[in-house]
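Trainee: Could you take one small part of this model and walk me through it slowly? I'd like to see how a single piece sits among its surroundings.

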Amino acid sequence: MTKYHKIATTSELSTHGDHVIQEVRGQEIAVFNIDGEYHAIANYCIHQAGPLCERGELTGYVGEDQDGEWTWENEGQTVTCPWHGWKFDVPTGTNVNDQRYRVPTYDVAVEDGEVFIER
Amino acid sequence: MSDLEPEDRINSIEQLDVVVDTDGHVAESYEELVKYVENSAVRKQLERSESPLSDVYTTVHPSPRNRDMYGGGGAYGESFTYSPDNKVQELEDFDIDYSVLNSTRNLNISSVNNDRLASALAHAYNSYILDFLDDRDRFKANILTAPKIPDRAAEEIDDRADEDAFVGVAMYLGGLSPPAGDRRYEPIVEAAADNGLPLVFHSAGAGLNQAFPRAYSGAQTYIEEHAISHPFQHMASLTSLLFNGVPEKHPSLDFVFLEAGIGYVPYMTWRLDDHYLEAPDQVPGLRRLPSSYIEDQFYFTTQPLGHTANDPNHIARAIEMAGPGSIMYSADLPHADFDPPRELFDRINSHFDSDTVRGIMGETAVDIFGLT
């Protein structure tokens, strides 16, 4: 049975990079403001169960283009686990190195200045 | 395992009586350490350093370190140090009962060229760690030695060994030259033995590109060099090829490694996958896990199998871990360490199905080398 759970107010998440972490039905969930959109992801790294979003800094990661030049990818929507440095794309929950590794993400709804996640 | 009776098995980690971390680390800052240097002339020299990582320690990295590590990654950083409270919290976080601590910065104590400075820093570290451990019985530590002046290191061991907090003698391998078995280190070995403490060797994440070949120039015998030069060259070359993205650039190319056996392959595969996931920004040229390229494009030949008479089945299990599709028989005739086909066959025949055995013994090689 999915339900909506209030997790924050829009004023707590007013600018890009703001985030809150709340426990919802036994699972710690982080909600980030990424360029004005809200994205919810489990505060749980599937590698060794580390607190994925505890550091909470949104960055990017280094990629490589066709010519072998290094490129900066996914700026502002990559979260890095503070335990071992595994990096995940927040909107999709996918590991930036290996698509087989994925952290749960949750739908977010906003109503009357309050942010809810669906779980 | 399967023949164990249920009552002989441990089913959950909670059933363990004790969990000991045999290698924990403090993250001493340079400034903190220098305060513990007793000789004021040496201390003033050290305080004057503009760049401790190059004019005291000489730990040259080929690119900036990956800093996305547990606890903020600031072990070498100027602004971040790890307090005793942080360490206690780790034990709580991970349900560890005891932790035997080592240094972080001083894993490269042998990269300190100046032997007086090295000895002073080792002495300072041992004082620092004693303060750090004061009244914290769940932590122990290894006595740090600066091997450049072995007699002084031996005195340091004798002076410190009575402290309950010290449970071992550390010889750190970063930049250690000549290698650890050299005669000149005998005073250190003897002091550890006399004090009934184990001698603990810890490798360092730095030093390979500068010190490693030089460090091993002190090998004493042909066979000592032979024993490590093959696997080390393989491990270094495998790592270099993968982390520079060569198989990604050449997806139809096969890579075949000869003459170091296959025992190191599972170990390196686990290690490279782990590094890839933990430091993605250092290896942007890879699109997949290193193990995935290894499975698709890398081959390792079995000779020398090594002396596996203790349990012949170990070779089969190592091949299973390495991935049987990547393993090919080799003989190395007429060299003195050659393996006849039967030596391998007898060890794998009862472990794998016939197609796998045929592949290892020759059919994979037929494909890879285009033999018809």
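Mentor: Let's look closely at helix 12 of chain B, its neighbors and a salt bridge at one of its residues. Keep in mind that this is a predicted model.

Start with how covered the helix is. Helix 12 of chain B is mostly tucked away, with six of its eight residues buried. Those buried residues are B:Pro290, B:Ser291, B:Ser292, B:Tyr293, B:Ile294 and B:Gln297. And what do they pack against? The buried residues of helix 12 touch helix 9 (222-243), helix 10 (246-249), strand 6 (255-257), helix 11 and strand 7 (298-301), which belong to chain B as well.

Now pick one of those neighbors, helix 11. Helix 11 of chain B covers residues 264-278, and helix 12 of chain B covers residues 290-297. Their axes lie 8 Å apart and meet at an angle of about 135°. That angle is why helix 11 of chain B counts as oblique to helix 12 of chain B: it falls outside the ranges for roughly parallel, roughly perpendicular and roughly antiparallel, the last of which begins over 145 degrees.

Which residues do the touching? On the helix 11 side of chain B you'll find B:Thr269, B:Leu272, B:Asp273 and B:Tyr276. Across from them, helix 12 of chain B offers B:Pro290, B:Ser291 and B:Ile294. Sorted by class, this contact has four nonpolar residues, two polar ones and one charged one. A bit of background helps when you look at lists like these: an α-helix has 3.6 residues a turn, so residues three or four places apart point the same way.

Next, the salt bridge. B:Asp296 pairs up with B:Arg288, and their closest N and O atoms are 3.1 Å apart. In general, side chains of opposite charge can pair when their charged atoms come close. Neither partner is hidden away: B:Asp296 is partly exposed at 43% relative accessible area, and B:Arg288 is partly exposed too, at 30%.

For another salt bridge in chain B, look at B:Arg138 and B:Glu92, where the closest N and O atoms are 2.9 Å apart. B:Arg138 sits in the loop between helix 5 (115-133) and strand 3 (139-144) of chain B, while B:Glu92 is in helix 4 (residues 84-94) of chain B, so this pair ties together parts 46 residues apart in sequence. Over all chains, the count comes to twelve salt bridges.

Notes. Residues numbered from 1 in each chain as written. Chains lettered and ligands numbered in written order. Predicted model: local features only at pLDDT ≥ 70, side-chain atom pairs only at ≥ 80, totals over all residues. Heavy atoms only, no water. Axes fitted to C-alpha atoms, helices over the stretch in contact; angles between N-to-C directions. Helix = DSSP H or I, 4+ residues; strand = E, 2+ residues; numbered from the N terminus. Parallel < 35°, antiparallel > 145°, perpendicular 65-115°, else oblique. Contact = heavy atoms within 4.5 Å. Nonpolar A, V, L, I, M, F, W, Y, C, P; charged D, E, K, R; others polar. Buried < 20%, exposed > 50% of the residue type's maximum accessible area, 1.4 Å probe, protein only. Salt bridge = Lys/Arg side-chain N within 4 Å of Asp/Glu carboxyl O.
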